[in-house]
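Thanks for passing this one along. Here are my notes, as numbered points, to read with the structure open beside you.

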Amino acid sequence: MTLLLNAREIEQVLTMRDAVSAMEEGFHDLAAGNGVNRPRSHTYVPRPLPPDEDRFYLFKSMDGALPRLGMHGLRISSDLLVEHAVGGKRRREKIPAAPGGKYVGLLILFSLDTLEPLAIMPDGYLQRIRVGATSAVAARCLARTNVRRAAVIGTGWQAGAQVNGLFEVFPSIEGMKVYSLNAAHRAAFAEKSGPRG
């Protein structure tokens with residue numbers, strides 16, 4: 001039987017601590033040759049152009065397996081990308097263009113034994129927490145153990161997970177700096193992140 005999960009159900013059970021632990025274990029398996037990973041694949045399709053803007057449909061896929069867990073995961077996303085000039089530089093943005101102003105992405109887990117799909121779920125929260133956990137694992141491997149100050153570059157949707165991941169692996173952090181080209185975004189992010197951020 002295939003388990004169908006929604007974003008709220010995933011958020012209720014998956015913590016940053018669990019995500020950091022899972023990412024560390026997965027990276028250990030991969031490094032030891034006990035995991036398989038296919039780099040992501042991007043397919044770009046040009047879309048009609050408004051003035052001064054390049055628009056592309058992007059289909060993205062990536063997958064990997066952890067035999068120790070008996071699972072193979074496939075992540076797919078269907079996106080609209082827009083490139084336009086901001087401050088004289090080209091900037092690429094992913095637009096929530098699906099009905100209801102949403103993004104579209106799925107994660108499908110398959111059994112290596114029965115070949116059946118075990119679970120199908122939206123990728124939004126999973127993607128965000130995976131990126132934060134991956135950065136946290138990298139920071140723990142590269143930084144001193146008694147980190148007191150940290151910094152995050154950017155204030156987009158995934159930045160909050162970056163902060164949460166850093167606090168998870170470095171409880172010694174007393175302050176965090178954030179950088180953004182947009183002062184209003186920077187202030188809003190600092191407010192939302194709370195006194196620790």
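1. Start with the second largest pocket: 36 residues line it, and those nearest its centre are Met23, Leu66, Leu107, Leu109 and Arg130. Its space comes to about 1,200 Å³. Keep in mind that this is a predicted model.

2. Where does the largest share of that lining come from? Look at H2, which brings 8 residues to the second largest pocket. Helix H2 covers 16-31, and the other elements that each supply at least two lining residues are strand E2 (36-46), strand E3 (53-66), E4, strand E6 (104-111) and helix H3 (124-142).

3. Sorted by class, the residues around the second largest pocket split into 19 nonpolar, 8 polar and 9 charged.

4. Now the largest pocket, with a volume of about 1,500 Å³. It has 42 lining residues, and the ones closest to its centre are Lys94, Tyr103, Gly156, Trp157 and Gln158. The top contributor here is strand E4 (residues 71-86), which gives 5 residues. E4 also turns up among the elements that each put at least two residues into the lining of the second largest pocket.

5. The class split for the largest pocket reads 17 nonpolar, 13 polar and 12 charged residues.

6. Next, the largest nonpolar core. It holds 30 residues, and the members touching the most others are Val20, Met121, Leu166, Phe170, Ile173 and Met176. Two or more residues each come from H2, E6, strand E7 (117-122), H3, strand E8 (149-153), helix H4 (159-169) and strand E9 (175-179). H3 is the biggest giver, with 7 residues. As background, nonpolar side chains in soluble globular proteins tend to be buried together.

7. It's worth tracing H2 and H3 on screen, as both feed that core and both also help line the second largest pocket. E6 belongs on that list too, with residues in the core and in the pocket lining.

8. As for the chain overall, you'll find 5 helices and 9 strands. Reading from the N terminus, the order is β-α-α-β-β-β-β-β-β-α-β-α-β-α. The C-alpha atoms fit a box of roughly 55 × 50 × 30 Å along the principal axes.

9. How much of the chain is buried? Of its 197 residues, 32% count as buried. The exposed area is about 12,700 Å², with 58% of that supplied by carbon and sulfur atoms. On contacts, take the pairs at least 6 apart in sequence: 58% of them link residues at least 24 apart.

Note on methods. Residues numbered from 1 in each chain as written. Predicted model: local features only at pLDDT ≥ 70, side-chain atom pairs only at ≥ 80, totals over all residues. Heavy atoms only, no water. 1 Å grid on protein atoms, 1.4 Å probe; cavity = no way out; pocket = protein on both sides within 12 Å on 5 of 7 lines; lining within 4 Å. Points joined across faces, edges and corners; volume = space filled by probe spheres on them. Helix = DSSP H or I, 4+ residues; strand = E, 2+ residues; numbered from the N terminus. Nonpolar A, V, L, I, M, F, W, Y, C, P; charged D, E, K, R; others polar. Buried < 20%, exposed > 50% of the residue type's maximum accessible area, 1.4 Å probe, protein only. Contact = heavy atoms within 4.5 Å. Areas by Shrake-Rupley, 256 points an atom, 1.4 Å probe, with all protein chains shown as cover. Core = buried A, V, L, I, M, F, W, Y, C linked by side-chain atoms within 4.5 Å.
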